[in-house]
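Here are some exercises to work through with the structure open beside you. Try each task yourself before reading the solution below it.

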Amino acid sequence: MTVVIGFEGSANKIGIGIIRDGEVLSNPRRTYITPPGQGFMPSDTARHHRAVILTVLKEALDQAGLKPADIDCVAYTKGPGMGAPLVTVALVARTVAQLWGKPLLGVNHCVGHIEMGRLITKANNPTVLYVSGGNTQVIAYSERRYRIFGETIDIAVGNCLDRFARVIKISNDPSPGYNIEQMAKKGSQYVELPYTVKGMDVSFSGILSYIEVSSAHKMLSSGQCTAEDLCFSLQETLFSMLVEITERAMAHCGSQEVLIVGGVGCNLRLQEMMDVMCKERGAKLFATDERFCIDNGAMIAQAGWEMFRSGHVTELKDSWITQRSLCLFTTWRTPWVI
């Protein structure tokens with residue numbers, strides 16, 4: 001059996017997970033939380049990760065009941081993500097690999113989300129909606145390559161939600177998106193907001209600017225709507241845009257499955273809206289909860305497991321990081337070829 005440990009820390013979550021041949025043995029995680037109205041700075045986030053990463057590593061080994069000698073490979077997030085947190089995690093992963101005498105693997109964060117989703121849900125050949133704080137893409141796998149069919153042309157949907165939360169001072173604990181989701185359940189009045197779909201792509205900066213500059217405070221102070229109404233309206237608008245481009249990609253690919261991954265993917269309203277579309281097409285929706293949608297170490301371990309089993313190893317001189325999106329090309333996956 002092949003055992004891989006995965007280190008994830010591309011944003012405000014630090015996670016370490018252990019996978020053994022498709023079985024999640026452990027997956028502890030910590031989140032850096034800032035006060036309401038504030039985002040998380042790369043340097044502060046990296047400082048948080050440095051403070052807790054060894055504790056999380058011990059938890060991962062203890063929960064799995066394993067020793068360093070039982071690990072076959074060390075995987076880490078190579079990118080994309082925030083520079084300082086990525087460097088922090090890469091340094092620890094490199095050090096651990098050398099101390100333990102184990103091979104090292106740099107993993108694409110996006111592919112980690114997709115492979116974890118496929119593992120947990122058993123989706124076969126889905127059209128993937130990848131939605132998180134830093135990414136919004138519709139992806140499908142064809143001819144041994146992940147191909148991006150549509151994406152945001154400016155900011156990610158999670159970033160839009162986070163910045164909206166800052167505008168109306170919604171708490172970041174446990175996360176802005178979760179708190180928006182709960183408030184939206186109490187909203188009853190739909191406020192019309194900009195809806196921007198351009199072919200297979202979406203744009204979220206306009207809706208955010210509209211809320212920031214001319215809408216939120218004016219409407220709230222005048223009593224035209226409540227904060228809950230704004231949360232409800234924002235979710236309905238953003239998620240409708242995502243469902244539209246996902247359906248278009250499904251039609252293009254002839255797909256009958258949708259897999260939602262990424263931190264925003266655990267939003268139950270998004271899952272509900274996507275499920276309605278899928279049922280209308282006779283398709284099936286696959287989604288997970290916060291354990292595997294939100295950034296976690298197990299997803300890096302799973303992608304690393306796939307790569308390691310096919311003979312891939314990252315040399316120490318190549319174990320750098322990148323803040324930008326990596327090529328989604330893969331040569332190590334064989335079960336999902338269409």
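**Exercise 1.** Which residues does His113 touch, not counting residues up to four places away in sequence? Place His113 in its element and judge its burial as well.

*Solution.* Keep in mind throughout that this is a predicted model.
- Step 1: Find the element. His113 sits in helix 3, which covers residues 109-121.
- Step 2: Check the accessibility. The relative accessible area of His113 is 1% and buried means under 20%, so His113 is buried.
- Step 3: List the contacts. Leaving out residues up to four places away in sequence, His113 touches Tyr130, Val261, Gly262, Cys293, Ile294, Asp295 and Met299.
- Step 4: Turn to the record. In an unreviewed entry, UniProt gives the feature "binding site" at His109, His113, Tyr130 and Asp295. These positions are spread over 187 residues of sequence, yet they cluster in space, with a largest C-alpha distance of 12.1 Å.

**Exercise 2.** Where does Tyr130 lie, and which side chain is joined to that of Tyr130 by a polar contact of 3.1 Å?

*Solution.*
- Step 1: Locate the residue. Tyr130 belongs to strand 7 (residues 127-131).
- Step 2: Assess burial. Tyr130 has 0% relative accessibility and therefore counts as buried.
- Step 3: Collect the contacts. Apart from neighbours within four places in sequence, Tyr130 is in contact with several residues, among them His109, Cys110, His113, Val261 and Gly262.
- Step 4: Look for the polar partner. The side chain of Asn135 makes the 3.1 Å polar contact with the side chain of Tyr130.
- Step 5: Return to the record. Tyr130 also appears in another UniProt "binding site" list (unreviewed entry), together with Val131, Ser132, Gly133, Gly134, Asp162, Gly177, Glu181 and Asn267.

**Exercise 3.** At what angle do helix 3 and helix 10 pack, and which residues meet there?

*Solution.*
- Step 1: Decide what to describe. For two packed helices, the description uses the angle between the axes and the distance between them.
- Step 2: Read off both values. Helix 3 and helix 10 pack at about 90°, and their axes are 8 Å apart.
- Step 3: Classify the angle. Angles of 65 to 115 degrees count as roughly perpendicular, so helix 3 and helix 10 are roughly perpendicular to each other.
- Step 4: Name the residues. From helix 3 come His109, Gly112, His113, Glu115, Met116, Arg118 and Leu119, and they meet Ala298, Met299, Ile300, Gln302, Ala303 and Glu306 in helix 10.
- Step 5: Sort by class. The contact of helix 3 with helix 10 has six nonpolar, four polar and three charged residues.
- Step 6: Zoom in on one participant. Gln302, in helix 10 (residues 297-309), counts as buried because its relative accessibility is 4%. Beyond residues up to four places away in sequence, Gln302 touches Ile19, Gly22, Glu115, Met116 and Leu119.

**Exercise 4.** Repeat the analysis for helix 5 and helix 7: how far apart are their axes, and which residues make the contact?

*Solution.*
- Step 1: Take the geometry. Helix 5 (residues 176-184) and helix 7 (residues 227-253) pack at about 110°, with axes 7 Å apart.
- Step 2: Classify. Helix 5 is therefore roughly perpendicular to helix 7.
- Step 3: Name the residues. Ile180, Glu181, Met183 and Ala184 of helix 5 make the contact with Ala227, Glu228, Cys231, Phe232 and Gln235 of helix 7.
- Step 4: Sort by class. The contact of helix 5 with helix 7 has six nonpolar, one polar and two charged residues.
- Step 5: Look at Gly177. Gly177 is placed in helix 5 and, at 21% relative accessibility, counts as partly exposed. Asp162, found in helix 4 (residues 157-167), touches Pro176 and Gly177, not counting residues up to four places away in sequence.

**Exercise 5.** Which peptide bond has omega near -5°, and what is the phi of Lys122?

*Solution.*
- Step 1: Recall the background. Most residues other than glycine have a negative phi, and most peptide bonds are trans.
- Step 2: Find the cis bonds. The bond from Gly79 to Pro80 is cis, with omega near -5°, and a cis bond with omega about 0° joins Asp173 and Pro174.
- Step 3: Place the prolines. Pro80 lies in the loop between strand 5 (73-79) and helix 2 (83-100), and Pro174 in the loop between helix 4 and helix 5.
- Step 4: Turn to phi. Lys122 is not a glycine but has a positive phi of about 65°. Lys122 lies in the loop between helix 3 and strand 7, and with a relative accessible area of 62% Lys122 is exposed.

Methods. Residues are numbered from 1 along each chain as its sequence is written. This is a predicted model: local features need pLDDT of at least 70, side-chain atom pairs count only at pLDDT 80 or more; totals for chains, interfaces and linings use all residues. Side-chain values use heavy atoms; hydrogens and water are left out. Helices (H or I, at least four residues) and strands (E, at least two) are DSSP runs, numbered from the N terminus. Buried means under 20% relative accessible area, exposed over 50%, partly exposed in between (1.4 Å probe, protein chains only). Contact means heavy atoms within 4.5 Å. UniProt positions are given in the numbering used here, feature names are shortened, and annotations may be inferred rather than shown by experiment. A polar contact is a pair of N or O atoms within 3.5 Å; within protein, one must be able to donate a hydrogen and the other to accept it, and residues adjacent in sequence count only if both atoms are side-chain atoms. Axes are lines fitted to C-alpha atoms, for helices over the stretch in contact, and angles run from 0 to 180 degrees between N-to-C directions. Angles under 35 degrees count as roughly parallel, over 145 as roughly antiparallel, 65 to 115 as roughly perpendicular and the rest as oblique. Ala, Val, Leu, Ile, Met, Phe, Trp, Tyr, Cys and Pro count as nonpolar, Asp, Glu, Lys and Arg as charged, and the others, Gly among them, as polar.
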